[in-house]
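Please look over the sequence and the structure shown here before reading on.

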Amino acid sequence: MRIATWNVNSIRARVDRVIAFLERHDVDVLAIQETKCRDDQFPHLPFEAAGYEVAHVGLNQWNGVAIASRVGLQDTEIGFDGMPGWGDPVGAEARAISAVVGGVRVASLYVPNGRSLDDPHMAYKLDWLGRLAEYAGGRLSTAPDEPVVLMGDWNIAPEDEDVWSMAFYENKTHVSEPERAAFRAVLDAGFSDVTRAHTPGPGTYTYWDYTRLSFPKRQGMRIDFALGSPTFAARVTDAFIDRDERKGKGASDHAPVIVDLAD
DNA sequence: ATGGTTGAATATCAA
């Protein structure tokens, strides 16, 4: 089974490219982030025509996460128990959805950006990740053998080699110690990064800012990850980043991350 | 070209 994750930065602007990607790489399941649309705006028809069913949650033009699968899609859960909210009034955002696909519980996650180190959104980001670690860890202690993968845009570069320049990111988000500690807390809850061993750095990135000619200058960040439970991680045979998807007109600012799983 | 790009409630906000 082949499972991928991709922050598409608007599914309506990118749907042709996403379908072509699924077919080109023979992908069974895709966790999608930043659909940037409401449920009633999601372009279901192209997915159905390509043989995929989709579970999506989108409340407005921001965030929005989905799972597309051609190997079944059951037991969809929106958000997770304890997920913090945002806004005025405070409410749940469309940042987490999970479903059982091909016997694996896949979660598509869009971790809050943080905006800047002293922004209230950073406290929200850390709280959100802390609650996620708590929820996922608790679930794992109840069902230690369940194959689970937490995949998506984590908005964190966990290692120095995951950014093109640590000097550039001094006092910026994505590399701060509290963010990295929040990421490690998910690992400490029993999950492991199943992609890094197959996509070694340095210079291995999944995101390049649209500005500053970041992509041609190879000035990127690795912030998209798949964190697997023990039984999921044991089945991973390969992973790769499709850097070609960042090329050309109409590209998302993120490249997809693809994970291969033994049957 | 040198403070840059993209996408969404088309007016700013978010990334």
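The paragraphs below go from the interior of the chain to one of its strands.

This is a predicted model, in which local features need pLDDT of at least 70 and side-chain atom pairs count only at pLDDT 80 or more, while totals for chains, interfaces and linings use all residues. Residues are numbered from 1 along each chain as its sequence is written, and side-chain values use heavy atoms, with hydrogens and water left out.

The largest nonpolar core (buried Ala, Val, Leu, Ile, Met, Phe, Trp, Tyr and Cys residues joined through side-chain atoms within 4.5 Å) has 25 residues, of which Ile 3, Ile 67, Val 106 and Phe 232 touch the most other members. Buried here means under 20% relative accessible area, with a 1.4 Å probe and protein chains only. Among the elements that give two or more residues to this core are strands E2 (29-33), E7 (104-110), E8 (148-153) and E12 (257-261), strands being DSSP runs of at least two residues, numbered from the N terminus. Leaving aside neighbours within four places in sequence, Ile 3 is in contact (heavy atoms within 4.5 Å) with residues including Val 106, Met 151, Phe 232 and Val 259. A second, separate core of 23 residues includes Val 111, Leu 132, Phe 191 and Leu 227.

Strand E10 (residues 224-228) has 5 of its 5 residues buried. In a regular strand the side chains alternate between the two faces of the sheet. In E10 both faces are covered, with Asp 224, Ala 226 and Gly 228 on one side and Phe 225 and Leu 227 on the other. E10 pairs in the antiparallel sense with E8 over 5 bridges, pairing requiring at least two DSSP bridges between strands, and Gly 152 stands opposite Phe 225. Strand E9 (residues 192-193) also pairs with E10 in the antiparallel sense, over 2 bridges, and Ser 192 stands opposite Gly 228.

Key
Chains are lettered from A and ligands numbered from 1 in the order in which they are written. Buried means under 20% relative accessible area, exposed over 50%, partly exposed in between (1.4 Å probe, protein chains only). Helices (H or I, at least four residues) and strands (E, at least two) are DSSP runs, numbered from the N terminus.
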